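Please open the model in your viewer and keep the selection tool at hand, as this tour goes from one selection to the next.

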Amino acid sequence: DALSIPRDDKVILALCRLAKWKGVDRLINAMPSVVSLVPNTTALIVGDGEERQNLENLCNKLGVQQNVRFMGLVYHKEVRKFLNAADLFVSLYHISNVGNPLLEALSCGKCIVSINNGATGKLIRNNETGILLEENELQSLPNVLIDLLTDDEKRKGFEESARAYAEKHFQTWPERVKMEVDLIEKLAEEWKVSGRQ
């Protein structure tokens with residue numbers, strides 16, 4: 001396909017700015033165990049940032065540079081292409097995993113693996129719309145990834161639940177933009193009326 005990943009490869013996607021607190025190193029550290037049991041696995045890292053060189057060095061040190069591809073910054077309109085190619089979406093931030101990438105992964109009906117921190121548990125229901133690990137369970141990340149990559153039925157179940165949850169709870173992108181524009185206009189009007197312009 002356009003991403004030149006072999007058709008039978010399993011794809012894990014991380015989509016974020018490459019900053020230390022985004023925890024992309026957690027995925028890379030899991031990759032040696034994953035590829036030892038699921039050798040046809042590719043991790044796509046979409047995004048760029050100050051940690052990129054350190055993360056690339058970590059891949060080389062762990063010997064997984066063939067299985068991890070750094071895609072750099074992509075335009076928002078290209079994000080869906082990567083999401084559609086992914087078998088798993090991982091978000092392993094240190095603080096909270098709630099943000100546009102997680103919302104878009106849910107909307108695309110992706111099987112999600114994340115951490116139960118911040119407000120993440122309000123969006124991802126453990127063992128329903130994805131897998132939520134506690135901070136002290138991160139050593140089990142490789143096994144969780146392997147389990148989901150090798151159990152197509154389980155993964156499909158999470159995908160269907162994620163899509164259903166998003167359809168029920170999320171606005172479409174145009175609805176969301178309109179809501180935000182309306183809110184900004186309302187705030188600007190209130191600001192004017194209060195005489196603080």
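**First stop: Arg 52**

Begin by selecting Arg 52, which, leaving aside its neighbours within four places in sequence, is in contact (heavy atoms within 4.5 Å) with Leu 18, Phe 70 and Gly 72. This is a predicted model, in which local features need pLDDT of at least 70 and side-chain atom pairs count only at pLDDT 80 or more, while totals for chains, interfaces and linings use all residues. Residues are numbered from 1 along each chain as its sequence is written, and side-chain values use heavy atoms, with hydrogens and water left out.

Arg 52 lies in helix H2, residues 52-62, where helices (H or I, at least four residues) are DSSP runs numbered from the N terminus. Is Arg 52 buried or exposed? Its relative accessible area is 23%, so Arg 52 counts as partly exposed, a term for values between buried (under 20% relative accessible area) and exposed (over 50%), with a 1.4 Å probe and protein chains only. Now show the side chains of Arg 52 and Glu 56, which are joined by a polar contact of 2.8 Å; such a contact is a pair of N or O atoms within 3.5 Å, of which, within protein, one must be able to donate a hydrogen and the other to accept it, and residues adjacent in sequence count only if both atoms are side-chain atoms.

**Second stop: H1 and H6**

Next select helix H1 (residues 24-37) together with H6, whose axes come within 8 Å and cross at roughly 50°. The axes are lines fitted to C-alpha atoms, for helices over the stretch in contact, and angles run from 0 to 180 degrees between N-to-C directions. H1 and H6 are therefore oblique to each other, the word for angles that are not under 35 degrees (roughly parallel), over 145 (roughly antiparallel) or 65 to 115 (roughly perpendicular). Colour the residues where they meet: those in H1 include Leu 27, Ala 30 and Val 34, and those in H6 include Leu 145, Ile 146 and Leu 149.

**Third stop: H6 and H7**

Keep H6 (residues 141-150) and add helix H7 (residues 152-169), for the axes of these two helices come within 5 Å and cross at roughly 95°. That angle makes H6 roughly perpendicular to H7. Asp 147, Leu 148, Leu 149 and Thr 150 in H6 meet Asp 152, Lys 154, Arg 155 and Phe 158 in H7.

**Last stop: H4**

Finally, select helix H4 (residues 100-107), in which Leu 102, Leu 103, Glu 104, Ala 105 and Leu 106 are buried. H4 is followed by Gly 109, whose phi is positive, near 65°.
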